[in-house]
Amino acid sequence: MQLIKKLFSSSLLVISFILLNLTAAQAATAPDFSLPGSSGKTVKLSELKGKWVVLEWFNEGCPYVKKHYESGNIPKLQKKYTDQGVVWLTVLSSAPGKQGHQSAEEVKKTMATWQASPTDNLLDPEGKVGRLYGAKTTPHFFVINPKGEIVYQGAIDSISSTDQADIAKAENYVDQALSAALAGKPIATAQTVPYGCSVKY
Amino acid sequence: MEPGKPLTLGVHFQIKPGWHTYWKNPGDSGEPLKLHWEETTGLAFGELEFPYPTLIKAGPLASYGFEKEAMFLVQVTPEKGLPSGKTVKLKAKATWLVCAEICLPEKGVFDLELPVENQAPQLNQAWQPKFEEARTKIPRLVPTKTVSFSQESSEGNNWLWLNFLPKRLGFSPSSLPKNWHFFPDQGGLIEAAAEQVLIEQGDSLRLRLQAAPLQGEFPSQLSGVLVGGDQAFQMVAQAQPSRMTFPWTMLGFAFLGGILLNLMPCVFPVLSIKVLSFVKKSHSHPQHLRVYGWMYTLGVLFSFWILTAILLILKQLGNQLGWGFQLQSPNFIVVLIFLFFLLGFSLLGVFEIGTRWMGLGSHLTRRQGYSGSFFTGVLATVVATPCMAPLMGPALGFALTQEVFTTWIILSALALGMATPYLLLCYLPQILKWLPKPGPWMETFKQFMAFPLFATVLWLLWVLSEQTGINSVFFVLGGLLLSGFALWSYQRYQQKKLIKPSLKPKGRGRRWIKLGPIFLILFLGIVLGFWGIQPKPLSNSNSANFLEPNAGWVPFSAEKLESLRATGEPVFLNFTAAWCLTCQVNERLIFQNPEVQQRFAKLGAVLMKGDWTRQDDAITKALRNYGRQGVPVYVWYARGRNTMPKVLPEILTQETLFRYLN
């Protein structure tokens, strides 16, 4: 009887494992891309394997982006995590002629006035990478682990508004995800609904 | 205001052309109107009520919001004890967002002074019509269970089908709106910009939404607003198990096939001998005998599950290599043709598979008690599988083309079928004496079973000719000829060995020298079969069915359908395939019937046929739009612009067809 029990439980395990494998969604791998940065270098995601990467969709004219830059919220996070070796990339997917479309020089100037220090600002005027990732709003965040898997995607924090006073009250998901990740802990919230202005494809 | 009587306040937006503001769920981006009431003693404020939104598209994104004008309502209830004669001051801070291409956050403070009187308040006549209009735009609450939804996944997309009866929302067939849209209360659940596809099926409507890529399971409830024409309904849709036509007929065949397996020479003796021994052992304890029966059943089931797991792994590996396990793939058809052909010869006794395994593991069955009967079940399948293979082959081949769950359930039915006679004997041991004795008849039966297999080969060859043309059938037949020759040589070799033992090779090497050429010929034959597979030129694609004239039917094309729909012409769609038996029956009995043809002609219907005999992405996509993954599918678009597609049942009668056409 003992043997039968063992055989049964193991076979059930095997079967459920297979079914799980076949039906469950695969771990979301971050699609590879290559874009010119405002630094003049070309950034290829697959070459950043082994590092933590943050993608942040950016539009200088969007009031939601302004909220987090003028308050110093995002620049502070950028400093905190790039100091720890995280690669922080802003992505500009606004089409030419639309709000938020900037040249390399312009975006560098914007970042300087806001005292922001992303690793680089990626220029995506055709919106290719924006569509590839399904970026919906500015800001919209993706956190990618050293294996190249998306471990967090969504909003910066829990309160959707343009009011700077809300920042202190909100739960900052990006900060939580990165600090947990760097400490080797599991990320509690892996997906949220992003908020902000629409990406101006 | 009158103490104790609620009254409604409105916030009215007039929006400049090109700009919009947002609904409570703003869709892909945006921010709804928010009111923060200053607390006033004696007043209770209700939730802000939103009118139903419209879809505002921008490139690959979409928002839910309002253009031109919007009126939001909120209910205020003064407490009963509020002293009259006083005035109360209402004050709300409001924030909202307006966007054109750029977005502007706005805020404002609204205040209002109202006297408290012991009589009904005087309504502002100038605003009454606006309030009435606003009320008609607030979604009406409908009871749960009015709408349900089911999930369906294909090619990396996750679809949600909302299912509801328009009758229960108060629509009659004549007042049925043509445009429907669903707006979820919560963001991030569905792709706001994805087209929502509507179909009519019987009395119910089905609306297809595209689920957002979510980590984890989709929630079991979906709340939101369903808008049909200019009416809106606030509803909660309950998840129902994914709509799957349960493969009852297949299960029936699998079960019968399982019973037939018992008649195979390698299983039948196990059956009677084992049962006999159990009957003897537990003569005085019939309940023991029953437990033996169930243990045997479990043993058979267990082995079949292992087999299922192996099959699924193989299928997964194959899929990764880009093989399609479906009857649309000519490669798969050729594999099946050779497999069935060889298994047929095996049944005829030309060669036997794996006889050496047979004795293996039989010692396990000599164990006493329950584990003994469990292993008898395992043995009956695992060890006897080689000799059952010829009969199991077709079932397994078919199971491979199915979804995971269906594969599993078919193989389980096969297992249960196989265990049933044994189980029956354990309950009614007296029928044992009615059973035929094992004997030469079993060999006759086995050989006879080769002929249904050869018939299947014939049918597969026909399907192949539909897919790739007669030339590749010629190659496959040539391959079968070579294989047949190889099998004949093998048999001659075996017989010679029996007659002249001196011919028995001294070493393994010698044996392989003789067998080598035979296997080489077999291999060449199979290669030849695959050599000839060439896709038929597409120009012929829809004239494929030589058994039926295609007069009056035009090939399916999504663009053509769209342009016909734009002019309002009636269209009948017929999705079919050569390998689909139901389709062929319907073709012959219904669509070739002169009465039906006359009816179509009278209606002036454009008849479109989508032939899915071969893989065709455009048709696959069209099938999904009607919530189907296979053929046959029949769809009727009545005359008139934007009439809803009606999906007909798969098994057609003239009566049902005419009922739908009316």
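This passage describes cavities, nonpolar cores and one glycine in a predicted model. Local features need pLDDT of at least 70 and side-chain atom pairs count only at pLDDT 80 or more, while totals for chains, interfaces and linings use all residues. Side-chain values use heavy atoms, without hydrogens and water, and residues are numbered from 1 along each chain, with chains lettered from A in the order written.

Searching the whole structure gave 2 cavities of 30 Å³ or more (a cavity being a set of points on a 1 Å grid over the protein atoms alone where a 1.4 Å probe fits but cannot get out; lining residues have an atom within 4 Å of a point). The second largest holds about 30 Å³ of space, the volume being that filled by probe spheres set on the points. Its lining includes Leu92(A), His101(A) and Asp124(A).

His101(A) also lies 9.4 Å from Gly61(A), C-alpha to C-alpha, although 40 residues separate them in sequence. Gly61(A) sits in the loop between β3 (53-57) and α2 (63-70) of chain A, helices and strands being DSSP runs (H or I, at least four residues; E, at least two). With a relative accessible area of 15%, Gly61(A) is buried (under 20%, 1.4 Å probe, protein chains only).

In chain B, Ile337(B), Leu573(B), Phe575(B), Tyr626(B) and Val631(B) touch the most other members of the largest nonpolar core, which has 61 residues (buried Ala, Val, Leu, Ile, Met, Phe, Trp, Tyr and Cys joined through side-chain atoms within 4.5 Å). Helix α5 (residues 330-347) of chain B contributes the most to this core, 12 residues. A second, separate core of 60 residues includes Leu7(B) and Phe72(B).

Methods. On a 1 Å grid over the protein atoms alone, a cavity is a set of points where a 1.4 Å probe fits but cannot get out, and a pocket is an open set with protein on both sides within 12 Å along at least five of seven lines; lining residues have an atom within 4 Å of a point. Buried means under 20% relative accessible area, exposed over 50%, partly exposed in between (1.4 Å probe, protein chains only).
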